[in-house]
Amino acid sequence: MRKLFKVICNWKMNKTISEAIAFCKAVPPLVSPVYLAVPFTCLQPLADLDIPMLQIGAQNLYPQHDGAFTGEVSASMIKETGAEFVILGHSERRQIFSETNEFVNQKVKAALLQDLVPIVCIGETAIEKNQNRTREVLKKQLLESLKDLDTVALKQIHLAYEPIWAIGTGTPSTPQSAQEIHFHLRQLIQEEWGEDVAENMSILYGGSVSDESIEELKKQPDIDGALVGGASLKLETFSKIIALVEGDPK
């Protein structure tokens, strides 16, 4: 059986160090792990808070260990801050910064070498969806982003399905539609790497996740967690989402 429902929050380019520290100190006690992906500047300050069940991670990395790559941050630099995971291949990185599946694959391998858990994002655009190419696009992203990884490495990865047409729109995929895609992805994983990997790889849903949608997402058998964006920036909605996931409706 797969592990408990995971909540991974992506703050994107939001919150200064002082704002982030104040937020995390105000978070109610957590019963289960919550993953918080924060700007590079906030990694060590938040990791140093050592709040039980709050795991701090990065939103990106550069695949080389070091070198003349102005403005970039390596996996080893991230690891030394106390971070435990990293989001890779987010739709904004793919679209705004033109990251390819091959480049994401390099990043995944770099993260694994530093014992950082990769959260690997895939998802289709509105145009691809309207052209009925969703499954074709997801298969290509999945296989190329996770190319040449052995089963041990694959079982450490979390896959995040984030339909690009739903991100930030306030109009997420329905839980039932998301479940259909998650089931399809798990079938693809099983066909390519076997049942053991398919059952051990968590598949998360991301795309306008809110306190209103989280309960229904949690009920779906192949949705193992949620990648939460804007709703994680305010303490009120963040706390409500966590309470709903942990089983307390307050």
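Serine 173 sits in the loop between β6 (158-161) and α9 (175-193). The model described here is predicted. Two buried loop serines, the nonpolar cores, helix α12 and one cavity are covered below.

**Serine 173**
- Serine 173 has a relative accessibility of 7% and counts as buried, because the cut-off for that class is under 20%.
- Its side chain comes to 3.4 Å from the backbone nitrogen of alanine 178.
- Apart from neighbours within four places in sequence, serine 173 is in contact with Pro163, Trp165, Ala166, Ala178 and Tyr205.
- Alanine 178 therefore appears both as a contact of serine 173 and as the residue whose backbone nitrogen the serine 173 side chain reaches, and the serine itself is buried.

**Serine 32**
- Serine 32 is found in the loop between α1 (17-26) and β2 (34-37).
- With a relative accessible area of 15%, serine 32 is buried, since this value falls under 20%.
- When neighbours within four places in sequence are set aside, the contacts of serine 32 are Leu4, Met53 and Glu246.
- Both Ser32 and Glu246 belong to the lining of the largest cavity.

**Nonpolar cores**
- The largest nonpolar core holds 66 residues, and those with the most contacts inside it are Leu36, Leu46, Leu61, Leu146, Leu159, Leu185 and Ile189.
- Helix α9 supplies the largest share of this core, with 6 residues.
- A second, separate core has 10 residues, among them Ala37, Ile119, Leu204 and Leu227.
- Leucine 46 touches Trp11, Ala20, Ile21, Cys24, Leu36, Val38 and Ile56, with residues up to four places away in sequence left out.

**Helix α12**
- Helix α12 spans residues 235-245, and its buried residues are Phe238, Ser239, Ile241, Ile242, Ala243, Leu244 and Val245.
- These buried residues pack against β1 (6-10), α1, β2, α11 (214-219) and β8 (225-228).
- Glycine 247 follows α12 and has a positive phi, near 95°.

**Cavity**
- The model has 1 cavity of 30 Å³ or more.
- The largest cavity contains about 30 Å³ of space.
- Its lining is made up of Phe5, Val7, Ser32, Pro33, Val34, Ile242, Val245 and Glu246.
- By class, 6 of the lining residues are nonpolar, 1 is polar and 1 is charged.
- Ile242 and Val245, which are buried residues of α12, are among the residues that line this cavity.

Technical notes. Residues numbered from 1 in each chain as written. Predicted model: local features only at pLDDT ≥ 70, side-chain atom pairs only at ≥ 80, totals over all residues. Heavy atoms only, no water. Helix = DSSP H or I, 4+ residues; strand = E, 2+ residues; numbered from the N terminus. Buried < 20%, exposed > 50% of the residue type's maximum accessible area, 1.4 Å probe, protein only. Contact = heavy atoms within 4.5 Å. Polar contact = N/O pair within 3.5 Å; in protein donor to acceptor, adjacent residues only side chain to side chain. Core = buried A, V, L, I, M, F, W, Y, C linked by side-chain atoms within 4.5 Å. 1 Å grid on protein atoms, 1.4 Å probe; cavity = no way out; pocket = protein on both sides within 12 Å on 5 of 7 lines; lining within 4 Å. Points joined across faces, edges and corners; volume = space filled by probe spheres on them. Nonpolar A, V, L, I, M, F, W, Y, C, P; charged D, E, K, R; others polar.
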